[in-house]
Amino acid sequence: MAILSALATEVFIPVAGVIGIVFAVVQWVLVSRVKLSPAAAASGGSKNGGYGDYLIEEEEGLNDHNVVVKCAEIQNAISEGATSFLFTEYQYVGIFMSIFAVVIFLFLGSVEGFSTKSQPCTYSKDKNCKPALFTALFSTVSFLLGAITSLVSGFLGMKIATYANARTTLEARKGVGKAFITAFRSGAVMGFLLASSGLVVLYITINVFKLYYGDDWEGLFESITGYGLGGSSMALFGRVGGGIYTKAADVGADLVGKVERNIPEDDPRNPAVIADNVGDNVGDIAGMGSDLFGSYAESSCAALVVASISSFGINHDFTGMCYPLLISSVGIIVCLITTLFATDIFEVKAVNEIEPALKKQLVISTALMTVGIAIISWLALPAKFTIFNFGAQKEVSNWGLFFCVAIGLWAGLIIGFVTEYYTSNAYSPVQDVADSCRTGAATNVIFGLALGYKSVIIPIFAIALSIYVSFSIAAMYGIAVAALGMLSTIATGLAIDAYGPISDNAGGIAEMAGMSHRIRERTDALDAAGNTTAAIGKGFAIGSAALVSLALFGAFVSRAGVKVVDVLSPKVFIGLIVGAMLPYWFSAMTMKSVGSAALKMVEEVRRQFNTIPGLMEGTAKPDYATCVKISTDASIKEMIPPGALVMLTPLIVGTLFGVETLSGVLAGALVSGVQIAISASNTGGAWDNAKKYIEAGASEHARTLGPKGSDCHKAAVIGDTIGDPLKDTSGPSLNILIKLMAVESLVFAPFFATHGGLLFKLF
C-alpha cells in the first residue's frame with residue numbers, strides 16, 4: 001500500500017487548491033496598491049510617501065496630474081472594450097454549449113437505448129456497472145462544468161490584465177524593477193487562479209459523482225471526461241474568436257499607421273489603437289487561459305480514465321487513483337515558491353535583467369518540481385502496481401511513473417528554450433531575419449519561413465523521446481502523466497505568459513498618454529521580454545497538446561474496443577490522410593478570417609485619416625468605437641466555421657465511418673497539426689522580434705538597419721504583419737484542434753463503438 005492514506009489525499013488536494021487561490025488574491029491586493037487616482041499617485045511618488053524613488057516626470061517638468069488621469073481613461077476604454085467583446089462572445093458560445101450538451105446526452109443515452117437497467121462493465125464483464133443513461137447525464141453535467149470553469153478563468157484573466165496594464169505604466173516612472181513586479185504579479189494572479197480553480201472544481205466533481213457511482217469507478221471516470229471536453233471546446237472559441245479580433249486590429253493599425261502614415265506604434269491618432277490593445281487581452285489572455293486550462297483538464301481526464309481500469313481502479317486505491325491530481329497540487333505549491341523568487345528574492349534592477357528573471361522562473365520551477373514529483377511518487381504510489389495496456393495489465397513501479405512525469409516536465413523546458421532560441425532577438429536566428437530586411441520584405445519572409453520550419457526539429461525529437469520512454473514504462477498512462485508533468489508548472493507558465501500582453505498594453509498606454517520616451521523605452525524592454533516568453537508559453541501549450549492528445553487517443557482506442565490500429569487497412573489510411581489535411585483546412589479558415597477582417601479595418605482607418613480634419617495634427621480625436629465594432633463583429637462571425645469544423649469532424653467520421661477511420665483521422669491530425677503549430681508560432685514570433693530588434697537599435701548591427709521608418713524597418717513591419725495571424729490565431733488554435741478532436745472522440749466512444757460506421761454497414 002501507499003504511505004499516503006486516502007484521508008491525507010482528501011485533505012491535501014483541496015488545501016493545495018485553496019492555498020493557490022489565496023495566493024492569487026494576495027498578489028491582486030499588492031497590485032491594487034498602485035493607485036490610479038491623481039492625488040494618491042502624486043503623494044505616493046513625490047513626497048517620499050513610502051518610496052525613496054523619484055519620478056522621471058519631475059525632472060522633465062511634465063504635469064503629473066494629467067498623465068495619471070489620462071492613463072486611467074485609456075485603461076477604462078480598454079477594459080470596457082474587452083468586457084463587452086467577451087460578453088458578446090459568451091452569448092454565442094452559451095447557445096452552442098446548450099445545443100452540444102443535448103447532443104452529448106442523446107448520443108450517449110442511446111448507447112443502451114435509454115434503458116435505466118444496470119449493465120455489464122466494459123472492461124470487467126463479470127461486474128455490473130451503472131446504466132449508460134446516467135453516464136450520459138453525468139457526462140453532460142461535467143461538460144457544462146468544464147465549459148463554465150474555462151469561460152470564467154478566461155474572463156477573470158482578462159479582468160486582471162486590464163486592471164494591471166495602466167498600473168504597470170505608472171510604476172514604470174519609478175523604474176523598470178517596479179513595473180516588472182507589477183506586471184509579473186498580475187500574471188501570477190491569473191496563473192494561480194486558473195491552476196487552482198481547475199483542480200478544485202475537478203476534485204469536487206469527482207467526489208460529488210462518487211456519491212452516485214459508489215464502487216463503479218469505471219463509469220465515474222468515464223463521465224468525468226466531459227470536463228476536459230467542456231474546457232477545450234470553450235478554449236477553441238476563445239482562441240479563434242480572440243485571435244481574429246486581436247490580429248484584425250493589429251494588422252490594420254500597423255499597415256496604415258506605421259507603413260503609410262509613418263506614425264509610431266500605439267499613437268493615439270491611430271483609430272485602431274484601442275481595438276489593438278483590447279485584442280491583446282481577449283486573444284492572448286482570455287484565449288491562452290482557456291487553452292491551458294483545457295490542456296490541464298484533458299490530461300487529468302486521460303490519466304484518470306486509464307487509471308480507473310488499472311489496479312488503482314480495480315482495487316479502489318483512492319490515493320493511487322488521485323496521483324494525477326496530486327501532481328497538480330504539488331505543482332501549485334512549487335509555483336508559489338518559484339513566484340516568490342521573482343517578486344521578493346531576486347530584484348530586477350536593470351533592463352537586461354528582465355528576460356533572465358523570467359527564464360529563471362522556468363528553470364527554478366522545473367528543478368523544484370522534479371523533487372516534488374519524486375516525493376509524491378514515493379508517498380502516493382504502491383511500490384508495484386499494474387496499468388491497463390490495450391487489454392492486458394502491465395506491471396509498473398512507482399519510480400517508473402516518476403520518470404514518466406519528469407521526462408514530460410523536462411521535455412517542456414527543452415521545448416521552451418528551443419522556442420526562445422529561435423524567437424528571441426538576443427540570438428543569431430532572429431538577427432539573421434532582421435538582417436535580411438536590407439533587401440526588402442520578400443527576403444525577410446523567406447528567412448522567417450525557413451526559421452519556422454527549422455525550429456520544429458528539436459521540439460519534435462523531444463516529444464518523440466518522451467513518448468517512447470513514457471510509453472515503454474507505463475503504456476498510455478505514462479504518456480498522460482508525462483503531459484501532466486509538462487503542465488504541472490502551469491501556474492508559473494501562465495504567469496510568464498500573461499505578463500507579455502500586460503507589458504504590451506502598458507507600453508501602449510504610455511504612448512497614448514504622451515509620456516516621455518524614457519518611459520516608453522522601459523515598457524518596450526518589458527514588452528520585448530514578454531514577446532519571447534509568450535513564444536515559450538505557446539511552445540509549452542503545443543508540446544503538452546501533442547502528449548495530451550496521444551494519451552486521449554490511447555484512451556479512446558481502448559474504450560472503443562479497437563484492438564490494433566492498422567495503418568495498412570484502407571479504413572484507417574483514408575482517415576490518416578484526411579486527418580493530416582484538417583490542420584491546413586483549419587489554418588486556411590482562420591488566416592482568411594484575419595485577412596478579411598484586417599481589410600475592413602485598414603479601409604476604416606484610412607477613411608478616418610482622410611476625412612476627419614485635424615486628425616494627423618492631433619487636434620481632432622479619432623473614432624475608436626467603430627474600429628472596436630469592426631473587430632468584434634468580424635471575430636464573432638468568423639469563429640463559427642472553424643469551430644464547427646473541429647467539433648463536427650469526430651461526430652461525422654465516427655458515426656458514418658466508424659472507430660477505425662476515426663482513429664486514423666485523430667492520428668493524422670496530431671502528426672501534421674503539431675508541426676504546423678510549432679512552425680507558425682515561431683515564424684510569427686521571430687518576425688515580431690526582428691522588427692523590435694531594428695526599432696530598439698541596441699547593438700551596432702541593429703543601428704545599421706534602423707531607425708524607425710527606414711525602408712529596412714518597413715520591410716520588418718510587413719514581415720511582422722504577416723506573422724501576426726500565424727503566431728496569434730492559427731498556430732495557437734491548432735493545438736486545441738488536436739486535443740479537442742481526441743477528447744471529443746473519447747467522450748462519444750461508447751456511441752461510436754455500438755452504432756458507428758453506418759456507411760460501412762450499409763455497403
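These exercises, each with a worked solution, treat a predicted model of a protein chain. Residues are numbered from 1 along each chain as its sequence is written, and because the model is predicted, local features need pLDDT of at least 70 and side-chain atom pairs count only at pLDDT 80 or more, whereas totals for chains, interfaces and linings use all residues. Side-chain values use heavy atoms, with hydrogens and water left out.

**Exercise 1. Overall form**

Compare the radius of gyration of the chain with the value for a compact globule, and then describe the extent and burial of the chain.

Solution. Begin with the rule, in which the radius of gyration is taken over C-alpha atoms and the globule value is 2.2 Å times the number of residues to the power 0.38. For 763 residues a compact globule would have a radius near 27 Å, and the chain, at 26 Å, agrees with this. Next, take the principal axes, along which the C-alpha trace spans about 85 × 60 × 45 Å. Then turn to burial, where buried means under 20% relative accessible area, exposed over 50%, and partly exposed in between (1.4 Å probe, protein chains only); by this criterion 64% of the 763 residues are buried. Finally, count the secondary structure as DSSP runs numbered from the N terminus, with helices (H or I) of at least four residues and strands (E) of at least two: the chain has 24 helices and 4 strands.

**Exercise 2. Cysteines without partners**

How many disulfides does the structure hold, and where do cysteine 322 and cysteine 335 stand with respect to other cysteine sulfurs?

Solution. A disulfide is a pair of cysteine sulfur atoms within 2.5 Å, and the structure holds 0 of them. For cysteine 322, the nearest cysteine sulfur is that of cysteine 301, 13 Å away. For cysteine 335, the closest cysteine sulfur is in cysteine 322 at 20 Å, which is too far for a bond. As to accessibility, cysteine 322 is buried with a relative accessible area of 3%, and cysteine 335 is likewise buried, at 0%.

**Exercise 3. Surroundings of buried helix residues**

Locate methionine 369, asparagine 682 and threonine 162, and list the contacts of each residue.

Solution. Contact means heavy atoms within 4.5 Å, and neighbours up to four places away in sequence are set aside for asparagine 682. Methionine 369 lies in helix α12 (residues 354–380) and is buried at 0% relative accessibility. Leaving aside neighbours within four places, methionine 369 contacts Ile327, Val330, Gly331, Val334, Leu409, Ser488 and Thr489; the C-alpha atoms of methionine 369 and cysteine 335, 34 residues apart along the chain, are separated by 8.4 Å. Asparagine 682, in helix α21 (residues 640–696), is buried at 3% and touches Thr419, Thr423, Leu451 and Ser455. Threonine 162, in helix α5 (residues 132–171), is buried at 1%, and beyond four places in sequence it touches Gln75, Ile78, Ser79, Ala82 and Asn281.

**Exercise 4. Positive phi**

Which phi values do asparagine 262 and alanine 475 have, and is each residue buried or partly exposed?

Solution. Most residues other than glycine have a negative phi. Asparagine 262 nevertheless has a positive phi of about 55 degrees; this residue lies in the loop between α7 (217–260) and α8 (273–308) and is partly exposed, with a relative accessible area of 48%. Alanine 475 also has a positive phi, near 50 degrees, but is found in helix α16 (residues 457–487) and is buried at 0%.
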